Amino acid sequence: MELRGPEPRGSRPGRQNLGLWAAAGRRATPYLVLMALLIFTGAFLLGYVAFRGSCQACGDDVLVVSEDINYETSLDAHQGTLYWSDLQAMFLRHLGEGSLEDTIRQTSLRKRMAGSAGMAALAQDVRAALLRQKLDHVWTDTHYVGLQFPDPAHPNTLHWVDAAGEPGEELPLEDPDVYCPYSATGNATGELVYAHYGRPEDLQHLRARGVEPAGRLLLVRLGLISFAQKVASAQDFGAQGVLIYPDPADFSQDPHKPGLSSHRAVYGHVHLGTGDPYTPGFPSFNQTQFPPVQSSGLPSIPAQPISADIASLLLRKLEGPVTPQEWQGRLPGSPYRLGPGPGLHLGVNNHRFSTPINNIFGCIEGRSEPDHYVVIGAQRDAWGPGTAKSAVGTAILLELVRTFSSMVSNGFRPRRSLLFISWDGGDFGSVGSTEWLEGYLSLLHLKAVVYVSLDNTVLGDDKFHAKTSPLLISLIENILKQVDSPNQSGQTLYEQVAFNNHSWDAEVIQPLPMDSSAYSFTAFAGVPAVEFSFVEDGQVYPFLHTKEDTYDNLHKMLQGRLPAVAQAVAQLTGQLLIRLSHDHLLPLDVGRYGDVVLKHISSLNEFSGDLKARGLTLQWVYSARGDYIRAAEKLRKEIYSSEESDERLMRMYNVRIMRVEFYFLSQYVSPADSPFRHIFLGHGDHTLGALLDHVRLLRSSSSKALGTASSGVAPVLAFQESRFRRQLALLTWTLQGAANALSGDVWNIDNNF
C-alpha cells in the first residue's frame, strides 16, 4: 500500500516536464563521467610533473628498485633523471676513453717487489694518479711488517747425501732467486719421496702403499692447493721438508701457446694464513711492539721451489712402487715412482726484515649513505714482472677510478661511498689488506658493504669464474647478462657460460680461496666479497709467480685478446659497483645461505644413522637452518610490502642485509686463536667443514683423518663424542644467532628453539 498526500493543483504537467529533464540527464551521464575522468587525469599528470620537478629542484630522489634494468637510479638537478640505461651508457662511454692496455704494459715493466725502491716509486705514481681525479679523499696507510727474503750471501742449497750421511754433491738451483717466504729456516735431511700434489689424501695413499712420509723430504707438484697447504700437510704427516716443482702435465700442451721454461721455478709463500704472521690478529702500525707471538700457520719445516729440470733428475733416482696412473706427469725419464730414493740435504737461509708497505686509498663519498662503503681493491706489488698477478688488476683499478670520476663530473653521485684501494704486500699473503682489516675491524664490519678484488682477473679467456660469497650470486647472474663476451661475438657472458651447462652457477661460482685478498674480508671481517677470473679451459696459466709472467707472454697466451678480456672485467666490475653503490636497496640475496646450509646438511645426513646409534642427533642444526630460512623470507616480504621512498626504512633494511655475512662469524671462538671465524668459509674446529670431517671418522678405518683437507684442523685419530657435541654447539648457535639477528628486533624473533 502506498501512502501519499493530496496532490496540489497543476502538479501533473510539472511532473511531465521533470520526466523530460530526467531522460535528457540519463542520456548525458556517460559524457559527463568521461569529461570528469579527463579532467581528473589531466590534473593528476600536471600534479605529478610538478612534484617531480620539485624533487629535482631539491636534489632528492624517488626510486623504484627492482631487478629489472629499467629502474630509476639517480636524479641530478642539472642532468634530470638518470635511469639504469643512462648510467650504463655513461659508464661504458667513459670507460672506453681510457688506455687500459697501455697501463697494463707500463705497470708490468716496473720492478715492484714489496719494500723495494721500485715499489716506493710506483706507490707515489699511483697516489698522484688518484689525486688527479675528482675524488673526495686520497690518503696512504703505512704498515711495518715482517717479510722474509733470501740471503744473497748465503743462498738456499740442495745437496745429495753421501754414504756417511753428510752433504755431498750440490744440485744447482737453476732459479736461485726463487724461494718460499715464511719457510722455516735451517737444514733438513732425509730420503726423497714423491707425494703427487701434497694433499692429505695423497700422503694417506703413500702410507697405504707402504711408503712412510714421516722423516722424509717430499717432492710435490705445483697446483690444486696452495704452497702453504702443501707444506702444512707435509708437516702434519711428519715430513722433514718439501720441494715444490711445476710439472708440464699441469699446463697447456698447445704448441701455439707459450709454455713455462723447464729451468724455471715458481715462487709462493708458505704461511697458512694471511697478513703479517709475526703480529697475528694485530695491525702492524708504526712499528708497534707486540708480545713475541707468531701465527700458528707458520711452518716448522723448510720448503723450497725447484725447476722441472731438477725435479726430473730427482725422479729418475726414485725406487719403490710405480705411482697410480693419475699421479704420472710429463717429465722425461722412467715412470714416476713413489720412492724412497737417495738422501737429500736441504738448506734454507731466508732472513726476516721489518719492511714498510703502503696501501693507497681514494674515495668518492656517497650522497645518501656516505658511511656505507663499497670497497674495490687490487694488489700492486709483484715478485717478477707480475703482469697477470697484479699489473692487470692495478690497471683496471686506475681505469675504474678515472671512469667513476668522469661520471661524477657529469652528474652521477652514488648513494654509498666508493672506496678504491691499491694494496701492498700481496705476494706475501695479502699482507697489506689483512693488516688494514686488523687495524679497522671494529669499524669495517659496520660500514663495509662488499669487497671486490681485482687480483688474478685475467689468467686466460676460455672460462669465467667468480669466487664469491653466496650473498652476491644473484647479482652476479644479473650483471653477466649485460656484459658482452670478449671471445664469443654476439653473446653475453651469461650466454657463454650457460651454453653447455644446465646450471650456470655450477660452472661459474667457486668458494673464496685463502690466497685471495677477498678471503680475509669474508672469513676474518665478515664482509661479503668476490674475485673474478677469466681462466684457460682445464689448464692453469703457467707463468703466475715466475719471472716469465710478462705482458708479452700473457698477450700470446690469450692470442691477442688480452685488451678485450681486461675490458670485459672492467665492464663487469664497474656495473657491479654501480648496482652495489647506487641501488636504493642493497642487491644482496640473504636467502642464499639457506641453500649453503642445506647442501652441507645433505652431506651430514649420510651419517645420521651412525650418530643415532650413539644417541646423537643433528636436529638442532636442522632447526637453526629452518629459522634462518624463515627469517630471510620474512625480511623479503617486509621489504616487498614497504614504501621504497621511505629513506629511514630502507636504511634499516640495508643495515640488516649488509651484516648477514658478519653474523656467520662465530662469536664463541677467539679471533686471536681462530682469526677465520666464518662457520662456512673459515678454518678451525668451529666450522661446518671441521664438523663434517669429524663425522666422517665414524666410518674411517684408517689411522689418520683428513681434517686438513677442508677445515684447517690437524688430523685426529678417532671420533670423539665430546668434541662432536662442542662442534655442534658452536655451529648451531652461530647459525641460530644469524637467524635471530636477521629477524630484526627481539620482539620479532619467531623460532623453534
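Here a trainee and a mentor talk through some labels used for this predicted model.

Trainee: Why is Ala 523 called buried?
Mentor: Buried means under 20% relative accessible area. Ala 523 has 0%, so the label fits. Ala 523 belongs to helix α14, and its contacts include Leu 665, Phe 676 and Leu 681.

Trainee: What makes α22 roughly antiparallel to α23?
Mentor: Look at the angle: the axes of the two helices cross at roughly 155 degrees. Angles over 145 count as roughly antiparallel, so α22 and α23 get that name.

Trainee: And which residues of α22 meet α23?
Mentor: Among them are Leu 688, Leu 691 and Val 695 in α22, and they meet residues of α23 including Phe 724 and Leu 731. By class, that contact has seven nonpolar, two polar and one charged residues.

Trainee: How do you know that Arg 651 and Asp 371 meet in a salt bridge?
Mentor: You need a side-chain nitrogen of Lys or Arg within 4 Å of a carboxyl oxygen of Asp or Glu. This pair has N to O at 2.5 Å, so it counts. Arg 651 sits in helix α20 and Asp 371 in strand β12, so the pair ties together parts that are 280 residues apart in sequence.

Trainee: Is Arg 651 buried, partly exposed or exposed?
Mentor: Its relative accessible area is 30%. Buried is under 20% and exposed is over 50%, so Arg 651 falls in between and is partly exposed.

Trainee: What about Asp 202, buried or exposed?
Mentor: Asp 202 is at 2%, under the 20% cut-off, so buried is the word. Its side chain still meets Arg 199 in a salt bridge, at 3.0 Å.

Key:
Residues numbered from 1 in each chain as written. Predicted model: local features only at pLDDT ≥ 70, side-chain atom pairs only at ≥ 80, totals over all residues. Heavy atoms only, no water. Axes fitted to C-alpha atoms, helices over the stretch in contact; angles between N-to-C directions. Helix = DSSP H or I, 4+ residues; strand = E, 2+ residues; numbered from the N terminus. Parallel < 35°, antiparallel > 145°, perpendicular 65-115°, else oblique. Contact = heavy atoms within 4.5 Å. Nonpolar A, V, L, I, M, F, W, Y, C, P; charged D, E, K, R; others polar. Buried < 20%, exposed > 50% of the residue type's maximum accessible area, 1.4 Å probe, protein only. Lists of a residue's contacts leave out its neighbours within four places in sequence.
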